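Work through the following exercises with the sequence and the coordinates side by side. Each task is followed by a solution that goes step by step.

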Amino acid sequence: MSASPDDAAATGGTAEAGEKAAEILEQAAVLLAECTEAGRLTRARKLVDKVTFAVADDELIIAAVANYNVVVDVTERRIQHGCRDFRGQASERRLCKHVAATLLAVEPRLALAVARELAEGARAPASGVVVPWRFEAITRFTPGG
Ligand SMILES: [Zn+2]
């Protein structure tokens with residue numbers, strides 16, 4: 001793989017938007033890879049189709065992935081989720097496949113913004129500049145009625 005320095009400033013393209021989105025999503029995936037393991041990320045990619053959103057905006061993401069819920073509170077920098085893997089990894093701020101899949105399923109621009117912060121937190125926790133994200137284990141709930 002050759003990394004060409006072609007990430008020119010986005011000028012709000014039209015026809016290239018789809019291609020650009022895929023590119024941005026790849027950047028997000030690269031950053032997410034720093035927050036989890038290759039195996040988990042591979043499994044997360046397979047789960048992307050199974051992610052459904054109750055809310056997915058710049059401030060808050062609420063998703064259901066398989067039988068689990070994922071809440072990404074962007075404003076509060078907090079991820080709430082409840083699978084066993086997440087509970088085990090939460091103290092190390094590592095992403096399980098459900099959380100990674102959720103981030104890969106949202107709008108690429110948003111995914112990149114969150115992934116970048118998570119990766120920065122993973123690189124330099126408690127730097128004083130980057131407020132680290134908090135991972136909270138929650139129990140399952142069923143969305144809707
Ligand atoms: Zn999980």
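Two residues are in contact if their C-beta atoms, placed from the backbone, lie within 7 Å. The model is predicted, so that local features need pLDDT of at least 70 and side-chain atom pairs count only at pLDDT 80 or more, while totals for chains, interfaces and linings use all residues. Residues are numbered from 1 along each chain as its sequence is written.

**Exercise 1.** Determine which residues Leu103 touches, and place them in the largest nonpolar core.

Solution. Leaving out residues up to four places away in sequence, Leu103 touches Ala28, Leu32, Ala111, Val114 and Ala115. A residue is buried if 20 or more other C-beta atoms lie within 10 Å of its own, exposed if 12 or fewer, and partly exposed in between; a nonpolar core is a set of buried Ala, Val, Leu, Ile, Met, Phe, Trp, Tyr and Cys residues joined through C-beta atoms within 7 Å. The largest such core has 35 residues, and those with the most contacts inside it are Ala28, Ala100, Leu103, Ala111 and Ala115. At least two residues of this core come from each of helix H1 (17–33), strand S2 (60–65), strand S3 (68–73), helix H4 (97–105) and helix H5 (108–123), where helices (H or I, at least four residues) and strands (E, at least two) are DSSP runs numbered from the N terminus.

**Exercise 2.** Describe how helix H2 (residues 38–47) packs against H4.

Solution. The angle between H2 and H4 is about 55°, and their axes are 8 Å apart, the axes being lines fitted to C-alpha atoms over the stretch in contact, with angles running from 0 to 180 degrees between N-to-C directions. H2 is therefore oblique to H4, since angles under 35 degrees count as roughly parallel, over 145 as roughly antiparallel, 65 to 115 as roughly perpendicular and the rest as oblique. On the H2 side the contact is made by Arg40, Leu41, Arg43, Ala44, Arg45 and Leu47, and on the H4 side by Lys97, His98, Ala100, Ala101 and Leu104.

**Exercise 3.** Is H4 enclosed or open?

Solution. Nine of the nine residues of H4 are buried, so H4 is largely enclosed by the rest of the structure.

**Exercise 4.** Characterise the surroundings of Cys35.

Solution. Cys35 lies in the loop between H1 and H2, and Cys35 is buried, with 23 other C-beta atoms within 10 Å. The C-alpha atoms of Cys35 and Leu95 are separated by 6.0 Å, although these residues are 60 residues apart along the chain. Not counting residues up to four places away in sequence, Cys35 touches Arg94, Leu95, Leu118, Ala119 and Ala122.
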